[in-house]
Amino acid sequence: MTTALVPARHYLNDGYGIKSWLLTRDHKRIALLYLAGVTFFFFIGGAFAVLIRLELATPVGDLVSDETYNKLFTMHGVMMVFFFLIPAIPSVLGNFLVPIMIGAKDLAFPKLNLASWYIYMLGAAFTTYAIVTGGLDTGWTFYTPFSTVASTSAVIPAALGIFITGFSSILTGLNFIVTIHRMRAPGMTWFRLPLFIWSHYATSLIMVLGTPVLAITILLVAAERVFHFGFFDPAVGGDPVLFQHLFWFYSHPAVYIMILPAMGVISELIAAFCRKPVYGYPFVAFASLAIAVLGFLVWAHHMFVAGISVYAAMIFSILSFLVAIPSAVKVFNWTATMYKGSVSWQTPMLYAIGFIGLFTIGGLTGLFLAAVGLDIHVTDTYFIVAHFHYIMVGGTIMAYLGGLHYWWPKISGRLYNEWLAKVSALVIFVGFNLTFFPQFILGYLGMPRRYHAYPPEFQVLNVLSSAGASILGVGYLLPMMYLTWSLRYGRLASANPWGAVGLEWNTTSPPPTANFAEPPEVTWEAYDYGSPAVVEHV
Amino acid sequence: MAEHIVPTRVYYTIFAILMLCTYLTVRIAFFDLGPLNVVAALTIAVLKATLVVLFFMHVKYSTKLTWAVVLGSVFWLGILLALTMSDYLTRAWRTYG
Ligand SMILES: [Cu+2]
């Protein structure tokens with residue numbers, strides 16, 4: 001392994017001062033701008049979660065009023081979904097890594113990339129404005145007719161914020177698609193691409209094809225509030241369920257905007273820490289595309305009790321079951337990759353293992369919900385809340401943190417405290433399960449979501465959940481602290497501290513502004529652990 | 001990529017057709033065609049959109065990849081419409097509850 005010293009010139013010291021950051025066109029610096037943004041909104045969204053769990057520690061609604069509680073869970077959802085989960089992995093890790101992994105100097109449209117960050121921040125500003133001027137109480141789903149005629153909260157600025165932020169997502173997706181098509185280094189064929197790239201390609205397709213539908217739908221809600229058009233108002237020939245169709249056409253695939261990049265991260269981590277190529281590479285690659293396409297065909301499983309046709313419900317139920325196939329392909333192939341691998345249990349691998357377990361629980365409970373009969377029993381209960389937190393928090397955030405730890409030496413040029421990092425990973429895993437597993441039981445027993453009070457017999461499980469949330473909170477604060485600490489005091493990282501394969505490890509830590517000293521040429525297959533060409537490199 | 005030069009005459013012609021279609025939409029709105037009201041309005045709208053995409057957005061003169069992107073988008077819109085209609089067209093037959 002080469003122990004290259006930190007290069008004299010790299011992207012972090014290539015220009016100082018606020019202007020060199022705010023006007024940068026370097027995808028790596030833009031990734032860090034996004035890192036600052038999503039981290040900020042993660043902790044804002046987290047603060048709302050803290051208040052929710054505090055309220056639910058006791059059966060009576062004593063901490064906040066019912067109306068305030070409505071606003072708390074709405075703003076928690078809006079912040080976490082639109083301003084953290086959707087941009088987190090693609091805009092931070094994807095932005096940093098997509099060009100480097102394919103051997104390019106930057107994304108295809110660097111200025112557009114910077115613009116997408118400003119658009120994201122502008123959208124976030126609108127939504128933050130909605131939060132501080134009265135808040136939002138519609139739920140993150142903005143269901144009509146409540147959002148269009150009944151709610152007195154700040155629906156319009158919040159809707160505009162989400163509309164605007166959508167464009168940052170579309171532009172990022174567009175940028176990735178063009179970059180992956182046009183800017184691969186010589187020798188970097190489609191089937192030599194890291195699976196991280198395949199999953200980001202699939203994610204980008206969803207961003208480009210789905211986001212416009214959400215943007216226009218949410219704009220219709222705002223327009224209907226102002227002009228009373230009646231798209232969703234039965235009194236003038238509209239249909240509130242139409243809103244749900246349009247909303248979920250994007251918002252189910254949006255779950256795959258969160259989880260596909262996460263799966264890409266996990267493929268990288270599993271290969272690196274098992275020192276083996278990912279088992280069945282083409283199947284894992286095509287599973288990403290299959291998830292992206294199938295994800296568009298299942299949306300009405302959110303609407304089984306909304307008064308939709310029984311026959312439509314049957315179609316959507318069957319299609320929803322199909323998504324399990326490519327998802328299972330991935331889980332089985334990761335597991336098969338570990339088989340007889342030389343596994344090392346460093347921090348990123350702990351997150352990867354955590355992801356596989358939690359994603360499997362989240363995914364399998366998704367099958368419960370695809371079955372119409374069972375879904376009707378648990379719709380709008382804590383079972384749903386537990387299910388989607390297993391996917392989004394247990395899946396996406398685990399992968400995000402795993403990826404952040406894995407590539408941190410590359411991003412920052414520094415190493416973090418491995419012991420502290422392992423402890424945090426464990427704290428997060430325990431805290432997460434303690435928070436959300438009781439919610440499966442609560443939901444199955446019939447506790448509805450979105451109420452600030454509940455019958456006393458549900459208290460024990462709710463107290464467990466609130467206790468878990470406080471552990472989870474500590475688990476999230478720890479990496480925040482030791483990663484920040486490492487920026488200044490961490491040991492210097494070599495170019496390839498994990499001895500991993502991949503173009504990002506063939507350049508210095510941190511990389512130069514142009515990513516590579518000289519343009520790379522790829523002569524090896526993906527995850528080619530053990531081949532002479534690769535061993536020479538690491 | 002070499003830009004295809006389109007004579008301005010084409011743009012003016014398309015613009016005239018679009019205006020004509022708009023006039024037609026307004027006129028048709030004054031006749032009650034029953035269930036065909038929506039069909040008539042949407043047919044004209046689709047025709048107009050197609051003209052804009054083909055000529056104003058230069059898709060007619062673009063590469064196969066551009067065509068694939070455009071047709072892919074239309075296909076995705078088709079998914080949205082078809083599966084939504086699977087609900088609306090069969091809803092009267094039976095719903096839950
Ligand atoms: Cu869904």
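The largest nonpolar core in this predicted model holds 180 residues, and those that touch the most other members are A:Phe82, A:Leu93, A:Phe142, A:Trp299, A:Phe355, A:Tyr400 and A:Trp407. Helix α8(A) gives the most to this core, with 24 residues. Another core, of six residues, lies apart from it and includes B:Val6, B:Leu18, B:Leu51 and B:Phe55.

A:Trp407 shows what such a core residue touches. Beyond its neighbours within four places in sequence, A:Trp407 is in contact with A:Leu93, itself among the residues that touch the most other members of the core. Its other contacts beyond that range are A:Leu97, A:Met101, A:Phe196, A:Val265, A:Glu268, A:Glu504 and A:Trp505.

The chain around this core is helical. Chain A has 17 helices and zero strands. Its radius of gyration is 23 Å, which agrees with the value near 24 Å for a compact globule of 538 residues. The C-alpha trace of chain A spans about 70 × 45 × 45 Å along its principal axes. Of the 538 residues, 60% are buried. Among contacts in chain A with a separation of 6 or more, 82% are between residues 24 or more positions apart. The accessible surface of the chain comes to about 19,800 Å², and carbon and sulfur atoms account for 72% of that area.

Helix α8 also takes part in the metal site. Which residues coordinate the copper ion? The donors are A:His252 through ND1, A:His301 through NE2 and A:His302 through NE2, at 1.8 to 2.0 Å. Their spacing in sequence is H-x48-H-H. A:His252 lies in helix α8 (residues 240-274), whereas A:His302 lies in the loop between α9 (281-294) and α10 (310-322), so this pair ties together parts of chain A that are 50 residues apart in sequence. The two ends of the pair differ in cover: A:His252 counts as buried because its relative accessibility is 7%, while A:His302, at 31%, counts as partly exposed.

Two further residues of chain A can be followed through their surroundings. A:Lys28 lies in helix α2 (residues 27-55). Is this lysine buried or exposed? A:Lys28 counts as buried, because its relative accessibility is 0% and the cut-off for buried is under 20%. Its side chain reaches the backbone oxygen of A:Pro512 at 3.4 Å. Leaving aside neighbours within four places in sequence, A:Lys28 is in contact with A:Pro511, A:Pro512, A:Thr513 and A:Asn515, and also with A:Tyr11, A:Phe96 and A:Ile100.

A:Thr396 lies in helix α14 (residues 382-412), and at 1% relative accessibility it counts as buried. Beyond neighbours within four places in sequence, A:Thr396 is in contact with A:Leu85, A:Ile89, A:Met258, A:Ile259, A:Ala262 and A:Ile391. A:Thr523 is 127 residues away from A:Thr396 in sequence, and their C-alpha atoms are 32 Å apart in space.

Chain B is next. It has three helices and zero strands, and from the N terminus its elements run α-α-α. A compact globule of 97 residues would have a radius of gyration near 13 Å, but chain B has 18 Å. Its C-alpha trace spans about 60 × 35 × 15 Å along the principal axes. Buried residues make up 20% of the 97 residues in chain B. Of the contacts in chain B between residues at least 6 apart in sequence, 59% join residues at least 24 apart. The chain exposes about 7,300 Å², with 77% of it supplied by carbon and sulfur atoms.

Notes: Residues numbered from 1 in each chain as written. Chains lettered and ligands numbered in written order. Predicted model: local features only at pLDDT ≥ 70, side-chain atom pairs only at ≥ 80, totals over all residues. Heavy atoms only, no water. Helix = DSSP H or I, 4+ residues; strand = E, 2+ residues; numbered from the N terminus. Buried < 20%, exposed > 50% of the residue type's maximum accessible area, 1.4 Å probe, protein only. Polar contact = N/O pair within 3.5 Å; in protein donor to acceptor, adjacent residues only side chain to side chain. Contact = heavy atoms within 4.5 Å. Donors = N, O, S within 2.8 Å, 3.2 Å for Na, K, Ca; no water. Rg over C-alpha atoms; globule rule 2.2 N^0.38 Å. Areas by Shrake-Rupley, 256 points an atom, 1.4 Å probe, with all protein chains shown as cover. Core = buried A, V, L, I, M, F, W, Y, C linked by side-chain atoms within 4.5 Å.
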